[in-house]
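The following exercises concern backbone geometry and burial. Each task is followed by a solution in steps.

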Amino acid sequence: MSAAQDIETLSAKFGADVVGTKEFRGEHTISVKLGVLHDLLATAKTDLGYEMIIDISSLDHFGEEPRFEMVYELVTVDDSKHLRVKSKVSEDEEVPTATDIWLGADWHEREVYDMMGIRFSGHPDLRRILMWEGYPFYPLRKDFPLAGRPSEMPDVAFTGIAPLEGGPFVTSPGTSDVVKREPRARVVK
């Protein structure tokens with residue numbers, strides 16, 4: 001069976017809950033409603049052989065409703081099939097955890113929670129993984145300022161000049177030769 005055939009199987013089983021399917025350059029994607037996401041992921045593992053989850057990520061469609069979209073990358077152990085599963089999520093909705101299907105989903109879900117603020121219902125340990133506890137913002141949201149936010153904590157999440165700005169490894173802008181533009185050690189005089 002191929003990923004394309006798996007999408008046909010999943011579309012037949014989940015019917016109207018499948019929002020869309022797409023094939024682009026040999027990559028197969030199925031988009032489903034949030035209500036059947038967990039069941040579809042479980043079916044992909046138990047019935048179709050997607051024994052590994054290699055990534056869970058999210059997109060911020062700022063200004064649209066629903067605002068977020070979850071993206072799951074599934075593969076077979078022999079790497080013969082790759083399937084992408086997507087589901088849109090509103091800001092006030094929780095996504096069912098996939099940790100009961102794949103243990104490897106744990107840290108991926110924690111990262112999505114930490115960076116985007118999307119909560120996972122049933123997650124065994126949903127706490128921040130990169131930012132400190134109590135940090136009130138979600139840095140990968142599109143409404144988060146690129147320069148960061150002022151912080152009361154010194155040496156953490158500063159908004160000043162980057163500590164490595166200006167070298168010792170810098171690119172040389174404006175040169176026509178790609179090799180000369182690559183980062184090189186700059187001799188400080």
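**Exercise 1.** Determine whether Asp79 is buried or exposed, and characterise its backbone.

Solution. Step 1: Asp79 has a relative accessibility of 58% and therefore counts as exposed (buried is under 20% relative accessible area, exposed over 50%, partly exposed in between, with a 1.4 Å probe and protein chains only). Step 2: its phi is near 60 degrees, a positive value in a residue other than glycine. Step 3: Asp79 sits in the loop between E4 and strand E5 (82–89); strands (E, at least two residues) and helices (H or I, at least four) are DSSP runs numbered from the N terminus.

The model is predicted: local features need pLDDT of at least 70, side-chain atom pairs count only at pLDDT 80 or more, and totals for chains, interfaces and linings use all residues. Residues are numbered from 1 along each chain as its sequence is written, and side-chain values use heavy atoms, without hydrogens and water.

**Exercise 2.** Locate Arg25 and state its phi.

Solution. Step 1: Arg25 lies in the loop between strand E1 (18–24) and strand E2 (27–32). Step 2: phi of this non-glycine residue is positive, near 50 degrees. Step 3: Arg25 is exposed, at 74% relative accessible area.

**Exercise 3.** Describe the burial of helix H3 (residues 105–116) and what follows the helix.

Solution. Step 1: of the 12 residues in H3, 10 are buried, including His108, Tyr113 and Met116. Step 2: the buried residues pack against strands E3 (52–60), E4 (68–75), E6 (95–96) and E7 (120–121), where contact means heavy atoms within 4.5 Å. Step 3: Gly117 follows H3 and has a positive phi, near 85 degrees.

Conventions. Expected span 1.5 Å × (residues − 1).
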